[in-house]
Amino acid sequence: MKRLTILGSTGSIGANTLDVVARHPGRYAVEALAAAKSDTKLLAQCLEHKPRYAVLVDAAAAERLQAALKAKGSDTQVLQGAQALERVATLPEVGAVMAAIVGAAGLPATLAAARAGKDVLLANKEALVMSGALFMRAVAEGGARLFPVDSEHSAIFQSLPDDFQCGRAGEVERSGIRRILLTASGGPFRTTPLDRLARVTPDQACAHPNWVMGRKISVDSATMMNKGLEVIEAHWLFGAPLEKIEVVVHPQSVIHSMVEYRDGSVMAQLGQPDMRTPIACALAWPERIEAGVEPLDFTTLGKLEFERLDTQRFPCVRLCQEAIRSGGTAPAVLNAANEVAVDAFLEGRMGYTDIARIIENVLGEIDVEGLDTLERVYAADVEARALASRYVARLPQVSRSSP
């Protein structure tokens, strides 16, 4: 039986992981659940899945959880603080760690799991975007196995040879890969005239044609910053040079990504837009297990369309590519500047097209440093946020009308 630690159990990835795990009680057991401060949700999860440990970063939330579990007669031990995340990620009895804590808060525990040689089920984007070289070094030194949970990267992984090892040098060349093709929906502004983009509103940017998501990730999808960040992730996950990673616009979002080989073959992964598929894949690879996902009905799909990426419409993809070429802390700078810019746009303090301009200005002004410690990553993040905030403050008052 494989014992699991789930970092970020109260979020959507964590909840879907628990759903898959519950379908296989003889195969998986939950050793530890961890969250930031959602004690009510974590209480319900603890009562259902009976982990040995429950972790909350927030001290007051941890106290409430401990009292509630005691009142219910639960034996789950409550731990508190960021260091407790690292503790449950490295427990000797734990075989796999689902890394699903959003943002930089999940970085130390994810790195610790890699150094401890765990199976790391990676749903934390920042581990590769902010600290790619550092994280992949930890994977190699710890002898960890890395499994992507993001739907596009899982699709790529599933289209690779069964013996492909994420992060191992030379795997792309050995496997005969010509191109990695990341599919993108194109978001809500795929056909909007370019001269109208400056006037779009936050609500329009969040109205994704295919997915219902949070507002920040919806804006990232509209600008295709999310796809640029996925290029960065793919570069590190699969050891692929930028020239072998291509973004293809696929409005229907049925094909999640593809791999083209030297002999002309193209392997594609198709499926329902349900995160339980990549989660189940990461949990059981190379086996396939039931995940509760509805079968794909090909008779109702209709046509599948593909378009070239419009770099003028989606400059954020280019900025992500430039950040990888710059190396070091540049991707961390880009990520931080984007978060500040998107927040400002959602709050009505600047226009939609200002997002890419601010990111480009910040990338051009901050000196890139080597990426050898998490402290360097955090310092770059803080500096980029401060500079991006200053750029936002200089912008004129936003005035919009419908595009």
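Me: What makes S10 and S11 a pair, and which residue in their hairpin takes a positive phi?
Reply: Gly 264 takes a positive phi near 95° in this hairpin, which has four residues between the strands. Strands here are DSSP runs of E, at least two residues, numbered from the N terminus. Two strands pair if DSSP finds at least two bridges between them; five bridges join S10 to S11 (residues 266-270), so the antiparallel S10 and S11 count as a pair. Within it, Val 259 stands opposite Met 267 in S11. Do keep in mind that this is a predicted model, where local features need pLDDT of at least 70, side-chain atom pairs count only at pLDDT 80 or more, and totals for chains, interfaces and linings use all residues. Residues are numbered from 1 along each chain as its sequence is written, and side-chain values use heavy atoms, leaving out hydrogens and water.

Me: Why is His 250 called buried or exposed?
Reply: Buried means under 20% relative accessible area, exposed over 50%, and partly exposed in between (1.4 Å probe, protein chains only). His 250 has 0%, so His 250 is buried. This residue lies in the loop between strand S9 (245-249) and strand S10 (255-261).

Me: What makes the approach of His 250 to Ile 255 a polar contact?
Reply: The term needs a pair of N or O atoms within 3.5 Å; within protein, one must be able to donate a hydrogen and the other to accept it, and residues adjacent in sequence count only if both atoms are side-chain atoms. The backbone nitrogen of Ile 255 lies 3.2 Å from a polar atom of the His 250 side chain.

Me: And why is Pro 273 called buried or exposed?
Reply: Pro 273 has a relative accessible area of 52%, so Pro 273 is exposed. Its place is in the loop between S11 and helix H13 (276-284).
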